[in-house]
Amino acid sequence: MMRNPFVAALIPAVVFVLLALPILGIDLLNESLMLKIQAAPAADWMMIIIAAVAIFFIQLFRKPIDAGVTTFKEAVPSLNLKSYLVQPKVMRLLTIFLILALFLWPFLYESRSGLDISIKVLIYIMLGLGLNVVVGLAGLLDLGYVGFYAVGAYTYGLLNYYFGFSFWMALPIAGGMAALAGFLLGFPVLRLRGDYLAIVTLGFGEIIRILLNNLTSITGGPNGITGIDRPTLFGLEFNRKLRDGGWDTFHGFFGIEYDPIYRMIFIYLLALILVLLCIYVINRLQRMPIGRAWEALREDEIACRSLGMSRTMIKLSAFTIGATTAGFAGSFFAAYQGTISPESFVFIESAIILAIVVLGGMGSQVGVILAAIVLTVLPEVAREFSQFRMLMFGGLMVLMMIWRPQGFMPMTRPHIQLNSDKIQKETAQ
Amino acid sequence: MADQFYLFIQQLFNGFTLGSAYALIAIGYTMVYGIIGMINFAHGEVYMISSYIGFIVIAALMMMGVDSAFLLITGAMIVAITLTSVYGFSIERVAYRPVRGQNRLIALISAIGMSIFLQNYVRVGQSSRDIAMPPLVEGGWTFGNPDGFEATLTYMRVVIWVITIAAMIALTLFVTRTKMGRACRACSEDLGMTNLLGINTNFIIALTFAIGAAMAAVAGVLLGTFYGVINPYVGFILGLKAFTAAVLGGIGSIPGAMLGGMLLGIAEAMTAGYLSAEYKDVVSFGLLILVLLFRPYGILGKPEVEKV
């Protein structure tokens with residue numbers, strides 16, 4: 001179909017103006033109860049015009065641009081670094097070095113904001129790892145993951161508020177409660193096909209949030225729970241003064257000056273240990289028969305059933321393990337923040353966690369970790385553009401899916417590649 | 001006793017109004033799902049944008065001195081439907097067509113990204129404040145005894161019902177009687193085969209998005225003027241409910257979307273009237289879970305047979 005290239009380029013530009021003009025070019029406002037409109041500032045109009053012209057020229061010269069991009073890609077030599085890095089020996093050394101560095105850096109370089117971001121990243125990594133089991137490995141689309149996170153957080157928050165449970169006592173209970181919620185929700189709904197499962201889990205997440213918001217007498221409603229106890233080191237507290245009935249404070253026990261940074265470092269190390277534990281356990285599970293079964297079920301459900309595998313048990317185990325991880329992360333979040341409210345458990349959180357899993361490369365743990373870092377650190381860096389932050393986040397999600405849908409680091413499994421050149425030569429001889 | 005009856009009638013009115021909106025929006029979800037099997041997560045935002053466009057047109061007309069409610073609503077409707085269809089069309093072109101044919105999770109993430117993008121695009125362009133509008137159509141009929149509870153049927157509600165029914169009839173006629181409608185049905189039956197038969201499926205898919213957006217625009221203008229308040233966040237939860245309605249009625253089936261929307265609207269109005277307005281979302285999602293457990297393909301949907 002040959003069309004005049006000029007017209008073909010004009011259409012997207014005109015469509016863009018049609019789309020942008022009413023929302024960006026005209027401002028709605030209320031003036032003494034009346035509805036009024038006014039033209040947006042001239043700068044906005046200029047932006048629209050510049051963007052439209054840019055779209056026009058990009059579309060007009062699309063062929064040469066595409067050709068240029070292809071030649072550029074070919075011209076850049078592909079580095080052979082990756083194949084060196086993934087050698088088992090190098091990998092092991094790198095991992096040990098990285099873990100050591102992660103444990104040691106807070107002591108060498110004390111930075112409150114650095115620790116703060118790191119703890120946030122670690123919580124998201126934990127959530128990403130948990131959801132990765134459900135979505136990445138078992139292929140079950142869970143849009144209400146934040147519900148389990150909320151169950152974990154509120155389990156600790158409520159147990160602490162009403163019964164004075166410490167973090168360490170509540171942590172396994174929170175994990176257990178989240179697992180129970182996952183089990184109870186999963187048992188009936190896991191029979192559903194992919195998209196139905198997605199919408200039911202989404203509904204579950206919303207129900208949890210609405211209940212937390214409205215059971216004001218128990219959960220404190222929209223205000224949430226405040227004054228949750230922080231974790232202690234074998235009973236040593238990180239406060240300046242000892243609470244009533246406490247054993248001792250950290251700085252008092254070791255006879256050092258009080259410094260609030262100790263608590264941050266302690267929480268950071270705790271999160272790090274929890275994350276490493278999660279990575280280890282999930283990594284092991286993945287290699288166990290149950291992990292193989294998750295992936296097999298994701299690839300072909302009917303084949304699995306005809307091999308006599310229990311569909312419900314396999315799905316349920318993935319769902320429950322994912323929920324448990326979220327429960328741990330939730331109770332940790334409550335302990336770290338000291339306050340929790342339903343606002344932290346809205347759908348957009350589920351979307352962000354899902355984005356972490358998908359952007360990282362479904363099923364790949366390294367990818368999930370990378371994506372969690374990128375998605376948490378980027379918004380912090382882009383603080384100045386806070387107005388445009390979510391706009392860019394949404395746009396990037398779409399662009400990532402178009403350009404690199406397999407994620408940063410697609411999951412790779414051990415395999416041997418036959419050298420095709422060699423084979424060809426040998427067969428030719 | 002009579003009071004109870006009129007209270008019930010009032011909740012029914014509320015339910016029908018809300019249900020009309022759900023049904024109109026649910027059509028967009030169900031048609032897209034029927035053809036390419038994806039959840040168009042950004043559809044709720046399309047509804048929200050159409051509300052904004054409707055408000056802008058009404059404000060412009062009012063400033064030009066038009067004060068007839070009929071002209072205002074008609075003008076808003078025409079412009080909103082046109083522009084919102086362009087939105088639906090463009091969203092498909094930009095965010096969904098490049099990822100079509102891959103893992104369905106990819107399309108879903110792209111849709112979630114688009115939803116976040118559109119919500120914040122309107123927030124940046126129009127600020128996140130509530131924008132209010134004076135009621136266009138005032139007055140109504142009242143039933144019941146003047147001493148006790150009176151049920152009110154405002155004229156605006158009647159306008160909403162009539163336009164909704166008209167839109168539904170128009171859509172049904174389009175899908176069943178026209179050549180393009182037949183192409184749409186053929187696409188939902190078998191996309192690949194339809195393509196082989198020489199129908200431009202890319203165009204039909206884009207058209208489906210545009211029709212869905214137009215239906216959402218009808219709902220957006222009507223509900224926007226009915227409630228009189230909009231902000232950039234109204235689309236998300238309404239879209240979610242409409243999707244629930246589509247699943248409830250059987251996703252992929254247009255009559256199912258209408259039925260599901262009405263059922264959900266009435267269920268919510270009854271909950272809000274007799275229980276508590278806070279729990280209406282819990283009830284609608286609970287209803288969804290129940291329906292899916294006992295009839296996983298929805299009320300009017302066809303059970304899908306898995307083939308090897």
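**Exercise 1. Which hand does the crossing of α2(B) and α3(B) have, and which residues make the contact?**

Step 1. Start with the hand: α2(B) and α3(B) cross in a right-handed way. Keep in mind that you're looking at a predicted model.

Step 2. Now pick out the contact residues. On the α2(B) side, they include Val46(B), Ile49(B), Ile53(B), Val57(B) and Leu61(B). Facing them from α3(B) are, among others, Leu72(B), Gly75(B), Val79(B), Leu83(B) and Tyr87(B).

Step 3. Sort the contact by class: you get 14 nonpolar residues, 5 polar ones and no charged ones.

Step 4. Finish with the geometry. Helix α2 of chain B covers residues 43-63, and its axis comes within 8 Å of the α3(B) axis, crossing at roughly 140°. Angles over 145 degrees would count as roughly antiparallel, so at this angle α2(B) is oblique to α3(B).

**Exercise 2. At what angle do α1(A) and helix α3 of chain B pack, and how far apart are their axes?**

Step 1. Find α3(B), residues 69-96, and line it up against α1(A): the angle is about 120° and the axes sit 10 Å apart. That angle is why α1(A) is called oblique to α3(B).

Step 2. Check the hand. Here α1(A) makes a left-handed crossing with α3(B).

Step 3. List who meets whom. Val15(A), Leu18(A), Leu19(A) and Pro22(A) come from α1(A), and they meet Leu83(B), Val86(B), Tyr87(B) and Ser90(B) of α3(B). By class, that's 7 nonpolar, 1 polar and no charged residues.

**Exercise 3. How many residues of chain A are in contact with chain B, and which elements of chain A give two or more residues to that side?**

Step 1. Count both sides: 47 residues of chain A touch 55 residues of chain B.

Step 2. Trace the chain A side back to its elements. Those giving two or more residues are α1 (5-25), β1 (26-31), β2 (34-39), α8 (167-189), α9 (194-214), α16 (347-360) and α18 (386-403).

Step 3. Split the chain A side by class: 36 nonpolar, 7 polar and 4 charged.

**Exercise 4. How do α6(A) and α17(A) cross, and into which domains is chain A divided?**

Step 1. Take the domains: domain 1 runs over 5-75 and domain 2 over 114-403. Their centres, taken over C-alpha atoms, are 40 Å apart.

Step 2. Next, find helix α6 (residues 112-137) and helix α17 (residues 365-381) of chain A; their axes come within 9 Å and cross at roughly 140°. So α6(A) is oblique to α17(A).

Step 3. Add the hand and the contact. The crossing of α6(A) with α17(A) is right-handed. Lys120(A), Tyr124(A) and Gly128(A) are among the α6(A) residues involved, while α17(A) brings residues including Val368(A), Ala372(A) and Glu380(A). The class count for this contact is 11 nonpolar, 4 polar and 2 charged residues.

**Exercise 5. What radius of gyration would a compact globule of 308 residues have, and what does chain B have?**

Step 1. A compact globule with 308 residues would come out near 19 Å.

Step 2. Chain B has 20 Å, which agrees with that value.

Step 3. For the dimensions, the C-alpha trace of chain B spans about 65 × 50 × 35 Å along its principal axes. Its secondary structure adds up to 11 helices and 4 strands.

Definitions and conventions. Residues numbered from 1 in each chain as written. Chains lettered and ligands numbered in written order. Predicted model: local features only at pLDDT ≥ 70, side-chain atom pairs only at ≥ 80, totals over all residues. Contact = placed C-beta atoms within 7 Å. Nonpolar A, V, L, I, M, F, W, Y, C, P; charged D, E, K, R; others polar. Domains from an automatic or database assignment. Axes fitted to C-alpha atoms, helices over the stretch in contact; angles between N-to-C directions. Parallel < 35°, antiparallel > 145°, perpendicular 65-115°, else oblique. Left-handed = near helix turned anticlockwise from the far one by under 90°. Rg over C-alpha atoms; globule rule 2.2 N^0.38 Å.
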